[in-house]
Amino acid sequence: MKLYFKFLSIHFRSAMTYRASFFLSCLGQLLITTNVFLSVVFLMDRFASVGGYTLPQLALCFSVILAATSLAECFARGFDAFSRILSQAQFDRLMVRPRSLVFQVLCQDMRPTMLARLLQAAVMLAWAVRSGAVAWTPAKALVLALMILCGAAVFFGMFLIGAALCFFTLESLEVINIFTDGPREYGKYPFGVYGKPVLMVLTFLAPLALVQHWPLQYLFDRGPAWYGVLPVVSLVFLIPCGLLWRLGVRHYRSTGS
Amino acid sequence: MRKYWSFFKMRLMAGLQYRAAALAGMSTQFVWGAMEILLYRAFWLEHPERFPMGMEALSSYIWLQQAFLTLFALWNWEHDILEAVKTGSVAYELLRPGDLYSMWMARSAANRLARASLRMVPVIAVSALIPAPWGLRLRISPAAFGVFLASAALMVLVVCAYSLLVYALTFYLTDPNGIMVVSVAAADLLGGAVVPLPFLPEGLRRFAELTPFASMQNVPLRLFSGDIPLSQAPAALGLQVFWAAALILAGYLLTRNGLRRAVILGG
């Protein structure tokens, strides 16, 4: 763990060396996600509600997804950009070191600019809370924290799958974006809005609805309390992700030096 | 003119080599389009009376947007040109017999066309098979199709001229990244990528329609889907011509002046 913080501080310090370009990419990130939220604002301005949700409730929904993806993209960047590690043959070096591979890939790369998005998520969340999106209880606050943390874990699982597939294809597959970049964009609405088939896929196949749609029903008093426990269930998703990763590692053949 | 045309063809052929990457990218395009339509479907089913354009027109708009994404997306920068200006290797390009601005223009247009032509055929073919009102509606009168083609050509000119203006500014700035991020965000918002322009609040929509960004994807997509009727097409195309001319002029002058002051070091 101490080692991890050492790497953390290295990546943050190296990002801060080029301060102007660091803030510029923060700004770029912010403009993209602000545009996503503006699309919600414009549509709600015209239609007032969708699926029974109001604007503050949607802001809460988007802030959860935004926080979860930002955490995952900040700290699991090594897996997100894994094809680079493979193509530059850095993976051989990782294999000979006496630490777990997952741990080392996590340490390889981090993206501090994602903290700008985290800040935006916090601002939106604060606004949503003030506008009375939810009648709060301690249990609900706990569920909200679980949604963000387990959401980050599920996205981490997605990156892990994408990285594991790289062992077989060597190229990164753009298809995996459907489950990584896509939800950041489409998670601005609870997945139920997109209709039942989408909701089912995102519940049982890629369990993003377990950290977003279902617990939101509990937060907004639209569903039973056990929906609030579902974020924890989503962690089961990490098991097949981990297995696929191990299969990939076993399949790995170095290109030699 | 002929040398720019052959340069254009050369670039087009080079761009058509990356077929596998284009195919891989397409699958995401289908999901993106479908999710977008499912979302608007939810609004449409709940409040059809507040919908500013027909659902069928909106579906056509969204599918065409996915089909032509690489043609008009401003984030499709020519990183080679930016690098050339930054590192000074632009000097080699000056040795070529031809005007730098025109060469850049031919190159940007060719790369965009090459990337888009690989992606658009399958997207259009599949989305045209989806039943109405969720699919792409291909029924369009020959006159309207002609106007659409003209407007699409103008769109490519406006997008390329805008990008070239940014490359030209690189002669004056050390880091063009700031302008690039802000441009992309503005184009997304005011050009109809965040939401189609009819969905914007009235005041903002009026303003947006005058900006150069609305002369990009907004006009041809809405012409094709029938949201802009033929009677209003001359005004929309006229504005596109104006922006194309203004941006080309500004970019051309900036490039010429930039080259005059540029000092390239090393030998």
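Student: How many of the 13 residues of H3(B) are buried?
Tutor: Happy to start there! A residue is buried if 20 or more other C-beta atoms, placed from the backbone, lie within 10 Å of its own (exposed means 12 or fewer, partly exposed in between). On that count H3(B) is mostly covered, and its number of buried residues is 11.

Student: Before we go on, what pLDDT do local features need here?
Tutor: Residues are numbered from 1 along each chain as its sequence is written, while chains are lettered from A and ligands numbered from 1 in the order in which they are written. This is a predicted model, where totals for chains, interfaces and linings use all residues, side-chain atom pairs count only at pLDDT 80 or more, and local features need a pLDDT of at least 70.

Student: Which residues of H3(B) are the buried ones?
Tutor: Helices here are DSSP runs (H or I, at least four residues; strands are E, at least two), numbered from the N terminus. In chain B, H3 covers residues 55-67. Its buried residues are B:Ala57, B:Leu58, B:Ser59, B:Ser60, B:Tyr61, B:Ile62, B:Trp63, B:Leu64, B:Gln65, B:Gln66 and B:Ala67.

Student: What end-to-end distance should H3 of chain A span, and what do its end C-alpha atoms give?
Tutor: This helix runs over residues 55-75, which is 21 residues. The expected span is 1.5 Å times one less than the number of residues. The two values agree, because the expected and the actual distance are both 30 Å.

Student: How many residues of H3(A) are buried, and what follows?
Tutor: H3(A) has 21 residues to count. It is largely enclosed by the rest of the structure, because the number buried is 18.

Student: What are the helix and strand counts of chain B, and what radius of gyration does it have?
Tutor: Chain B has 12 helices and 0 strands. The globule rule (2.2 Å times the number of residues to the power 0.38, with the radius taken over C-alpha atoms) gives 18 Å for its 267 residues. Chain B is close to that, so it is as compact as a globular protein of that length, with a radius of gyration of 20 Å.

Student: And what radius of gyration goes with the helices of chain A?
Tutor: Chain A has 14 helices and 0 strands. For 257 residues the rule gives 18 Å, and chain A is close to it, so it too is as compact as a globular protein of its length, at 19 Å.

Student: What percentage of chain B is buried?
Tutor: For chain A, buried residues make up 39% of the 257 residues. For chain B, with 267 residues, the figure is 43%.

Student: Which helix gives the largest share of the side of chain B that touches chain A?
Tutor: Counting contacts as C-beta atoms, placed from the backbone, within 7 Å, 24 residues of chain B meet 28 residues of chain A. Helices H2 (19-46) and H9 of chain B each give two or more residues to that side. The largest share, 11 residues, comes from H2(B).

Student: How is H2 of chain A oriented relative to H9 of chain B?
Tutor: The axes, lines fitted to C-alpha atoms over the stretch in contact, have angles from 0 to 180 degrees between N-to-C directions. H2 (residues 19-47) of chain A and H9 (residues 177-190) of chain B come within 10 Å and cross at roughly 0 degrees. Angles under 35 degrees count as roughly parallel. That makes the orientation of H2(A) to H9(B) roughly parallel.

Terms used: Angles under 35 degrees count as roughly parallel, over 145 as roughly antiparallel, 65 to 115 as roughly perpendicular and the rest as oblique. Two residues are in contact if their C-beta atoms, placed from the backbone, lie within 7 Å.
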